[in-house]
Every structure is written in C-alpha cells, then in structure tokens.
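Please examine the following chain with attention to how its helices pack and where its side chains lie. The paragraphs after it form a guided reading.

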Amino acid sequence: MSAPQTLGGPSRCGRVLGPSLDKIVKNAAWRKHSHIVSSCKSALDKLDTLSDSALSDPSSPLLGLSSSDADFVLNPILLALDSNYAKLADPALESLFKLFSLGLVRGEIGSNIPNSILYKIVQSVCKVGGIGDESIELAVLRVLLSAVRCPCVLIRGDCLLHVIRTCYNVYLSALNGTNQVCAKSVLAQIVLIVFTRAEEDSMDVSTKTVPVSELLEFTDKNLNEGSSIYYCQNFVSEVVNASEGVPDLKFSQPITGPELQNGESKVSNGEEKDGVEEEETKEGVESSSDAVTSKIREDGFLVFKYLCKLSMKFSSQENPDDEILLRGKTVSLELLKLLCSIFMSLITKYRSGLKAEIGIFFPMLILRVLENILQPSFVQKMTVLNLLEKIVGDPQIIIDIFVNYDCDVDSPNIFERIVNGLLKTALGPPSGSTTTLSAVQDVTFRHESVKCLVGIIKSMGAWMDGQLKIGHSDSPKSFENDTSAESHSTSTAEDGTLADCELHPEMNSELSDAATVEQRRAYKIELLKGVSLFNRKPSKGIEFLINTRKVGNTPEEVASFLKKNTTGLNETMIGDYLGEREEFALKVMHAYVDSFNFKSIDFGEAIRFFLRGFRLPGEAQKIDRIMEKFAERYCKCNPNSFTSADTAYVLAYS
C-alpha cells in the first residue's frame, strides 16, 4: 500500500504550535521544568518533519496529522498546563485557542474516553483556571468557549459539566470585576450553544452572541460603569466569531473508541472499498450521525439538570454579608431566568418525548420556588410567575399536563400543585407568620398569581370551546414515552364500582374519552389516599387499599405493590410493616423476600440489593424476623454458600 500523500510546507498545526512551544521553552525554569523543555524541543523537531497529510486520520485529534504524531506534539502543551505556572500555561492556552478556533482539533471529548490527549488537556485547562492569576482566568475562559463553540469537537457528559463548573467557579472566585462578568458571559454563551444544538439536534448551527449588558440586570451596578461591558462583549464576540468562515468545520465522523466500531465504519486494515462495501460504509456513517444527534440531546438534558441544581445552591438566607455567597445567589437568579426560557421551549416544542424529564424539572425548577410562601426571593419568584403566565396561556399545554401527570399514578401532581401554589400565593402569608416580603412585594405576588389562576380558567374554557367546535380532534395528547399514562385505565364492574385491582390493561383508544380520564384521576386520588394512610399506619393503609380494590387481597399481591416502589410510599414505613408479627403482614414479608432471586450474587451485595426498597425498622425483633427470612431465602438460592441458614442469619444480622 502506498504511503499517504502530504501537502507541501509545514503543517497547519505546526504553524500554530511552533511559536507557543518556543515561548514555553523561553519562559521555563531550566531545572524545575527540564522535562517540559525536553518535550517541547522534541515536539518542535517532530513538527519540522511533518506536513499536512492529504488523507485525514479519523482517529487523530489534530487535522492533517496521524494519531500518534498528534499525541506527541500535544504532550508538551499538556505538561505546560499541569505545571500550574502562569508563564508556561499562557502560551499553551494561546495555542489551544487557535487550534479550536481554526477547526484543527476534532473528535469527541468525554469521560468515556479518559485516556485521550484531548480529554486530559480539557481537564488540565479547567484545573489551571484555579491558580488565581487574572490573565490565566481570561485565557481559560477563552479556550473553553472556543472548544464548546467548535463544531468539529463534541465535549460530552461529565467533561462538559466540568467546563461549565469551571466558568461558574471563576465567576465566584475572581477578584477582578471584569473577569467576573467575562466568566458569567462565557457561561451564558456556552449554555446557549448547547441548547441551540439540542433544539436543532445538530452540531452545525449558528448561535447569536449573548448581550452582556442584559446579564448584568441583577448585579452590582458598579460593574456597569467604565469599559467592563464593552470589554466583555468584545471578549465573547471575538471567540464566537473566531471560527467564522473557516472551512470543513462539520462534526462528521468524530466518534472515537468503541462507539466508532459499533457504528460499523467498516474500515479495516487500510483496504480499499468498492461496491457493496461502499454502501455499508454509507450506512455506518448514517448510524454514526444518529448516535451524534442523540448525544447532543442527551447532553442538553444533562446540562439543564445541572443548572437546575446550581440555581438552588445559594438559596439560603444565612450569611447575608458573605461576598461569595452573595455573588452565587446573584448568578443563581440569572441562571433561573435563563433556565425558565429554555424550559418554556422544551415544554412547548418537545413535551411529547420528554415526559420523565419534565416531571423531574417542573418540581425542581418551578414548584420549588412557587411553593415558598414565607421567605421567597422576590426576583426568583417573579421569574417563575412570569413563566407560569406563559404556560397557562396555552390551553393544550394545561390539558396535557393534567392528563399526563395528575391522572398518572406514577407521576407527580403537577397541575394540582401549580393551582395550590398559586392559590396560597394569592392568599399571602398566613396571619402571624414571619415573612421576608415587603407589603409591596406581597401585593405584587398576589396580583400575578391571580392573573395566572384566571389564565388557567380561560385556557380550560378555550380548550372546551375548541372541542365543541372541532369535534375532539385536539384531544389531550399522551406523551410518547409514557407507557404508564396509557396503562392505568380502569374498567367498570357489574356492580358499578371501578375494577381497580386490574392495574395495567392497555388502552386501545386515545385519551379523548372524558369518562376514562375522570376514572384515572379518581383512581389516583383514592390510591394516594391509601398511600397517605399507609405512611401513618401501615396496616390500616393496606386494609384500605385492599377494600378499595387498589391492591389484591393476597400476600403476594401486597408484596408486589410494596416492592414496585409506588410513588409516595415511605420506605421506613414499608420496613416497619414487613417486620410486623401479625399473620397477614408476616405472610406479606415472606412473599416479599421470596420474590428476590439471589442466585450467584455475593452475600454483601445481596443484602444491599434487598434493602434498596425499604429501611430496616428500629425494633430489634422486627429486624430479626426480616433478616432470618432473608438468610433462609439466600441459602435456598445458593445452597452451597453456607453450612446452614443460621450461619447466614448471624452474618446478615450483624
């Protein structure tokens, strides 16, 4: 096989790396950094011999170089960053900014490929941002934004979260006000890029530059003075626009490691392909492309969840004079405003495929703030109320939320909690309670919550009017990934009661039948009543659930109900019930334990697996009964593990 053709002259990567490596050698302390100097000189010698290859190596992190050559010439950059010495880190960061901006770096960067040179470099860039040097902080922000901005690099998972956390930490710890604003601006720009790609399901998208002045809406007004805003706006714009016009930036075949093999790229041993093999390769590329788009969406949700956690991080009223905490609360408010905008887009455009995610995010992002009546942040709650006003203004969204959450036993009651939260806000803090709200703020909250309640009523009326006009063609939509929302229908027995013990018959028709929706809602209300009773008095709760036909009357059916982790069941009360000595409860405990298969499972792992669904009660006799049965079951599944069940029991109890 002939050698790869090369293009004349030094490689493009060499023209970027060469000057930076020379500067690292010049700035190094010869004794302390001798290994870095040696690595730089070797890399410079290697670069002198390299030219861009006409055939690109898809596994190489640098365009035009082989994988081994790319790793070799990037190694001194990694060493310079790991030195934590500003004079070495600065030229290393400068070269990385140019490599990302010019589209010379390509591939997937994530913790699933921890040994790749690019993953190590991104981790080191994040680390060097904490050395406390102001110029290095800005250089780190520039590199991280250029890396995320680069369309031929996909930063994934925990690595992407590390990038976001680094920007967040620079904002919190920076002593320079301009650096703080730059960090916040870069954070906002990265989030905008991630969610624009997730919305378009593509790496090849154009994103607007964030307006820095709007980011300072809640911050110290001193930062608005002077040239800070102008400098930061130029800083972000320079990075975002640096790769404009650079050709060949599409993220085409960057999937590395096992995932590339699973994508069936069909390239093996450098053999030429023709005919059928070309078609197979084309199919492999399409499969690879599908994998990329699914990863983009997955990372979007991961970032959204992480930002939700950050927005809750500084909600404490303690230490009001702590500058770091105050700054953290400030950026949390701004993140919440950004998150609400993203969340509105998700719930408007993608709710059909995101039932589980919305079910998590809604309580975390919206209801948590709405239900805080006594000591809310005024800006935070106004942001949430403004979002709710938009949500309740869409009749179809309101109906879909009610049908898919409040009528599904495995989902939270989002619609009910929205209405109750708005009602409590409209009524104001209870008399005699202590609140942080001023009289004006309280009146504002009451007014906005009443507007939202009126909006809900109008939307429900508008939806009903639409049904009467168009003959049910716009019936409530069941979310695509919601099997449970379509599975908890109930049938009517001969005596007119609901046959509720039949928990999961499949529905063949859409949810347009109002009677079916009403039955599902009634079923859930009664089930939750039983769950609430169980959490106070387990035996009474089980009796109620059996009598109302929410659970079958055999020990096996009750055990299955307790084991499947029904929403709202208290794990401590489950353990308390399983430890009871009454005849029926004892039979339920035996059926519960016998439902586990511990075959070939390590004893310690089996105990952990067994205890995942409940908490052991505090009473010694109850623990004794449960662990004795566990030991018996384990020995039955693994007859050669212990000489007797008593031995297993003693070990389990200990």
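Helix α1 passes helix α3 in a left-handed crossing. The axes of α1, which covers residues 12-27, and α3 come within 11 Å and cross at roughly 45 degrees. The two helices are therefore oblique to each other; an angle counts as roughly parallel when under 35 degrees and as roughly perpendicular from 65 to 115. On the α1 side, the contact is formed by Leu17, Leu21 and Ile24, and on the α3 side by Val73, Pro76, Ile77 and Ala80. Sorted by character, the residues of this contact are 7 nonpolar, no polar and no charged.

This arrangement belongs to a predicted model. The protein chain has 654 residues, of which 49% count as buried. Its secondary structure comes to 26 helices and 2 strands. Among contacts between residues at least 6 apart in sequence, 71% join residues at least 24 apart.

The buried interior may be considered next. The largest nonpolar core holds 135 residues, and those touching the most other members are Leu62, Leu81, Leu99, Phe304, Phe343, Phe362 and Leu388. Helix α8, residues 177-200, gives the most to this core, with 11 residues. Apart from this core lies another, of 43 residues, which includes Phe544, Phe598, Ala606 and Ile623.

Leu81 illustrates the surroundings of one such core member. When its neighbours within four places in sequence are left aside, Leu81 is in contact with Ala89, Ala92, Leu93, Leu96, Ile121, Ser124, Val125 and Val128. A short way along the chain, Asn84 occupies the loop between α3 (67-82) and α4 (86-101). What is the sign of phi at Asn84, which is not a glycine? The phi of Asn84 is positive, at about 55 degrees. Most residues other than glycine have a negative phi. With a relative accessibility of 34%, Asn84 counts as partly exposed, because that value falls between the 20% limit for buried and the 50% limit for exposed.

A second residue with this backbone feature is Arg549, which has a positive phi of about 65 degrees although it is not a glycine. Arg549 is located in the loop between α20 (538-547) and α21 (555-563). Its relative accessible area is 32%, so Arg549 is partly exposed.

Further along the sequence, a second helix pair deserves attention. Helix α24 (residues 603-610) packs with helix α25 (residues 620-637) at an angle of about 130 degrees, and their axes are 12 Å apart. That angle makes α24 oblique to α25, because only angles over 145 degrees count as roughly antiparallel. The crossing of α24 and α25 is right-handed. Phe603, Ala606, Ile607 and Phe610 of α24 make the contact with Ile626, Phe630 and Tyr634 of α25. The residues of this contact, too, divide into 7 nonpolar, no polar and no charged. Ala606, one of the contact residues of α24, is also among the members of the core of 43 residues.

Charged side chains can be followed in the same way. Is Arg142, in helix α6 (residues 134-149), buried or exposed? Arg142 has a relative accessibility of 15% and therefore counts as buried, since the limit for buried is under 20%. Not counting its neighbours within four places in sequence, Arg142 is in contact with Glu94, Phe97, Phe235, Glu238 and Val239. Arg142 and Cys182 are 40 residues apart in sequence, and their C-alpha atoms are 9.4 Å apart in space.

Asp442 lies in helix α18, residues 439-470. At 15% relative accessibility, Asp442 counts as buried. Beyond residues up to four places away in sequence, Asp442 touches Gly428, Pro429 and Leu437.

The last position is Ser352, in the loop between α13 (323-349) and α14 (355-370). A relative accessible area of 34% means that Ser352 is partly exposed. Ser352 and Asp400 are separated by 48 residues in sequence and by 9.3 Å in space, C-alpha to C-alpha.

Definitions and conventions:
Residues numbered from 1 in each chain as written. Predicted model: local features only at pLDDT ≥ 70, side-chain atom pairs only at ≥ 80, totals over all residues. Heavy atoms only, no water. Core = buried A, V, L, I, M, F, W, Y, C linked by side-chain atoms within 4.5 Å. Buried < 20%, exposed > 50% of the residue type's maximum accessible area, 1.4 Å probe, protein only. Helix = DSSP H or I, 4+ residues; strand = E, 2+ residues; numbered from the N terminus. Contact = heavy atoms within 4.5 Å. Axes fitted to C-alpha atoms, helices over the stretch in contact; angles between N-to-C directions. Left-handed = near helix turned anticlockwise from the far one by under 90°. Nonpolar A, V, L, I, M, F, W, Y, C, P; charged D, E, K, R; others polar.
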